[in-house]
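Dear colleague,

I am passing the structure below to you for your records. My findings follow directly after it.

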Amino acid sequence: MPEKTVTVGSSIGLHARPAAIIAEAVVNSGAEVTLSLDGGEPVDAGSALMIMTLGAGNGAQVTVSSDDADALATIADLVTKDLDA
């Protein structure tokens, strides 16, 4: 599965609000997308709760994986943005 490693841009990490925005984008894409921290198990990016279980804080390196190139690019871009602004 193609993947891209990006840096979390949200000022306090992937907590409830950013996780909900990312999960909604995944669901709307209709694609399977996972997120993982280095060496960690991938989680379903279509679930805000699963995203929050990563505990990814600001500046953390997160790997976004998907067979859908558009979904991969969209979700990777969202992870890098400060979704709290």
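In this predicted model, the C-alpha atoms at the two ends of residues 1–85 are 31 Å apart, and the span is 38% helix and 21% strand. The UniProt record, an unreviewed entry, places the feature "domain: HPr" at residues 1–85.

Turning to the strands, there is an open sheet of four, arranged in the order β1-β4-β2-β3 with antiparallel pairing. The edges are taken by β1 (3–7) and β3 (43–44); each has a single partner strand, so one side of each is left without a neighbour in the sheet. In general, strands of a sheet pair through backbone hydrogen bonds. Between the antiparallel strands β1 and β4 there are five bridges. Within this part of the sheet, K4 is found opposite V64 in β4.

V64 also appears in the largest nonpolar core, which has 25 residues. Together with I22, V33, L35, I51, I75 and V79, V64 is among the residues that touch the most other members. Two or more residues of this core come from each of α1 (16–29), β2 (33–37), β4 (61–66) and α3 (69–80). The most is given by α3, with six residues.

One member of the core deserves a separate note: which residues does I51 contact, leaving aside its neighbours within four places in sequence? On that basis, I51 is in contact with L14, A19, I22, A23, L35, V43, D44 and A45. Of these, I22 and L35 are also listed with I51 among the core residues that touch the most other members.

With kind regards

Terms used: Residues numbered from 1 in each chain as written. Predicted model: local features only at pLDDT ≥ 70, side-chain atom pairs only at ≥ 80, totals over all residues. Heavy atoms only, no water. Core = buried A, V, L, I, M, F, W, Y, C linked by side-chain atoms within 4.5 Å. Buried < 20%, exposed > 50% of the residue type's maximum accessible area, 1.4 Å probe, protein only. Contact = heavy atoms within 4.5 Å. UniProt positions renumbered as here; feature names shortened; annotations may be inferred. Pairing = 2+ DSSP bridges.
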